[in-house]
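User: I have a chain to go through with you, fold first and backbone oddities after. Keep the answers short.

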Amino acid sequence: MVNSLTLGCDCFGVIHYFDAVLANENGEPNVIPNAICMHEEDYSILWKHQDLHSFRTEVRRQRRLVVSSIYTVGNYEYGFYWYFYLDGSIQLEVKLTGIVQPMGVPPDATQAEIGNATLVAPGVAAPHHQHLFCVRLDMAVDGPHNSVAEVDVVPDEPGPDNPESNGFHTKVTVLRSEQEAKRLINPAVSRSWRIFNPSVTNALGQPVAYKLIPSSTPTMLARPESSVYKRATFATQNLWVTAYDRDEIHAAGRYPNQSQGGDGLPAWSAGNRPIDNTDIVVWHTFGVTHIVRPEDWPVMPVEVTGFSLVPFGFFDRNPALDVPPPPRHCHT
Ligand SMILES: [Cu+2]
């Protein structure tokens with residue numbers, strides 16, 4: 001399903017391409033030229049400050065390394081864009097485009113009459129649906145043995161230690177077993193998950209860590225008795241953490257199309273293996289619930305979903321201080 005990418009169309013600028021070698025249905029190697037694109041691009045400002053007394057300014061430009069590929073899955077295109085930034089941050093954006101699944105409705109049908117779909121053209125409607133992705137992150141933050149903590153930001157209790165009633169603090173909960181690590185996002189408390197190495201500290205004595213910042217993302221809306229829920233149970237949680245096993249690769253198991261349900265993450269995590277200070281894999285489910293717009297027809301402008309992994313005490317200070325300054329006229 002992976003596309004061959006074309007210079008000046010899919011990717012701009014100075015590009016390095018990688019071919020993909022895949023097996024065809026007879027098990028023979030099949031080369032797909034230019035399947036992966038790598039390039040660098042400007043990404044606005046990295047950091048800036050203007051001194052309010054002297055009006056002296058320092059500014060540095062952000063750049064990112066982009067590694068991308070695009071897949072045509074039936075009517076849809078999915079672009080996977082990994083970004084690597086100068087401050088050590090990593091981001092995945094999935095770009096959704098292509099043609100939404102249409103269905104015919106009577107030419108005089110109204111929006112009220114067609115139920116769980118949007119009328120996108122006379123006689124044409126597009127059903128509500130979800131795109132839920134699960135990434136397998138084989139984490140190794142400064143070594144193979146890592147732990148995961150859930151971090152919520154919550155208000156302090158009222159009392160003498162909170163005299164203005166405006167204090168808040170981080171509530172850090174280390175997830176110690178696979179069952180404890182089945183988690184949902186919670187934007188109201190800025191929930192993130194910190195993947196840290198308990199055995200390695202930075203110069204400040206803190207365990208080195210990267211934090212997973214989810215986007216505002218749904219989980220599966222289909223009910224537990226549905227076929228899709230049983231086969232894609234991974235999509236009912238935003239986070240899973242498992243003990244590393246080389247055979248545990250696909251979140252829905254090896255054969256989702258033939259599955260009777262329960263394979264993949266729910267089966268592996270049923271063993272409730274310990275996940276604290278050991279070789280772990282972090283799985284993150286994210287995506288979009290797509291209530292199709294008339295503007296998505298007849299071809300859909302890109303909609304973006306994804307997540308970020310940013311250093312949290314992995315470095316001792318801002319790691320991008322040595323970025324060369326832009327031309328002289330940008331700072332005084
Ligand atoms: Cu969609």
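User: How many bridges join strand S7 to strand S8?

Analyst: This is a predicted model. Strand S7 covers residues 117-121 and strand S8 covers residues 124-127. The two run antiparallel, and the bridges joining them number 4.

User: Which residue stands opposite Leu 119 in S8, and which residue in the turn of the hairpin has a positive phi?

Analyst: Leu 119 faces Ala 125 across the pair. S7 and S8 form a hairpin with 2 residues between them. The turn residue with a positive phi, about 80°, is Gly 123.

User: How many helices and strands are in the chain?

Analyst: The chain has 332 residues, and 22% of them count as buried. Its C-alpha atoms fill a box of roughly 65 × 55 × 50 Å along the principal axes. The elements are 2 helices and 16 strands.

User: In what order do the strands of the 10-strand sheet come?

Analyst: The sheet is open, and its pairing is antiparallel. The order is S1-S2-S3-S4-S5-S16-S13-S12-S10-S11.

User: Why is one side of S1 and of S11 left without a neighbour in the sheet?

Analyst: Strands of a sheet pair through backbone hydrogen bonds, either parallel or antiparallel. S1 (15-23) and S11 stand at the edges of the sheet. One side of each is left without a neighbour because each has a single partner strand.

User: By how much are neighbouring strands of this 10-strand sheet turned against each other on average?

Analyst: The strands here pair in the antiparallel sense. With direction ignored, the average turn between neighbours is 25°.

User: Which residue in S3 does Lys 48 stand opposite?

Analyst: Strand S2 (residues 29-50) and strand S3 (residues 57-73) pair antiparallel over 11 bridges. Across from Lys 48 in S3 is Val 59.

User: Which strands are the edges of the 3-strand sheet?

Analyst: This open sheet has the order S9-S15-S14, with antiparallel pairing. Each edge strand pairs on one side only. The edges are S9 and S14.

User: What is the bridge partner of Thr 242 in S15?

Analyst: S14 and S15 run antiparallel and are joined by 5 bridges. For Thr 242, the partner in S15 is Val 281.

User: Which element gives the most to the largest nonpolar core?

Analyst: That core has 37 residues. Val 148, Ile 195, Val 241 and Val 282 have the most contacts inside it. Elements that each supply at least two residues include strand S5 (90-98), strand S13 (207-214) and helix H2 (265-269). With 5 residues, the element that gives the most is S15.

User: Which residues is Val 282 in contact with, leaving aside neighbours within four places in sequence?

Analyst: Val 282 is one of the residues with the most contacts inside the largest core. Its partners include Val 148, Ile 195 and Val 241. The full set is Leu 137, Met 139, Val 148, Ile 195, Leu 212 and Val 241.

User: Is Ile 185 buried or exposed?

Analyst: Ile 185 sits in the loop between strand S11 (168-175) and strand S12 (192-201). It touches Arg 191, Pro 214, Thr 217 and Asn 238, not counting residues up to four places away in sequence. The cut-off for burial is 20 or more other C-beta atoms within 10 Å. Ile 185 has 23 such neighbours, so it counts as buried.

User: How many other C-beta atoms lie within 10 Å of Arg 191?

Analyst: Arg 191 is in the loop between S11 and S12. Its contacts beyond four places in sequence are Glu 150, Asp 152, Ile 185 and Asn 186. Arg 191 is buried, and the number of other C-beta atoms is 20.

User: Is Phe 55 buried or exposed?

Analyst: Phe 55 lies in the loop between S2 and S3. It has a positive phi of about 60° although it is not a glycine. Only 12 or fewer other C-beta atoms within 10 Å make a residue exposed. Phe 55 has 8, so it is exposed.

User: What is omega for the cis peptide bond at Pro 298?

Analyst: Most residues other than glycine have a negative phi, and most peptide bonds are trans. Pro 298 is in the loop between S15 and S16. The cis bond joins Trp 297 and Pro 298, with omega about 0°.

Technical notes. Residues are numbered from 1 along each chain as its sequence is written. This is a predicted model: local features need pLDDT of at least 70, side-chain atom pairs count only at pLDDT 80 or more; totals for chains, interfaces and linings use all residues. Two residues are in contact if their C-beta atoms, placed from the backbone, lie within 7 Å. Two strands pair if DSSP finds at least two bridges between them. Axes are lines fitted to C-alpha atoms, for helices over the stretch in contact, and angles run from 0 to 180 degrees between N-to-C directions. A nonpolar core is a set of buried Ala, Val, Leu, Ile, Met, Phe, Trp, Tyr and Cys residues joined through C-beta atoms within 7 Å.
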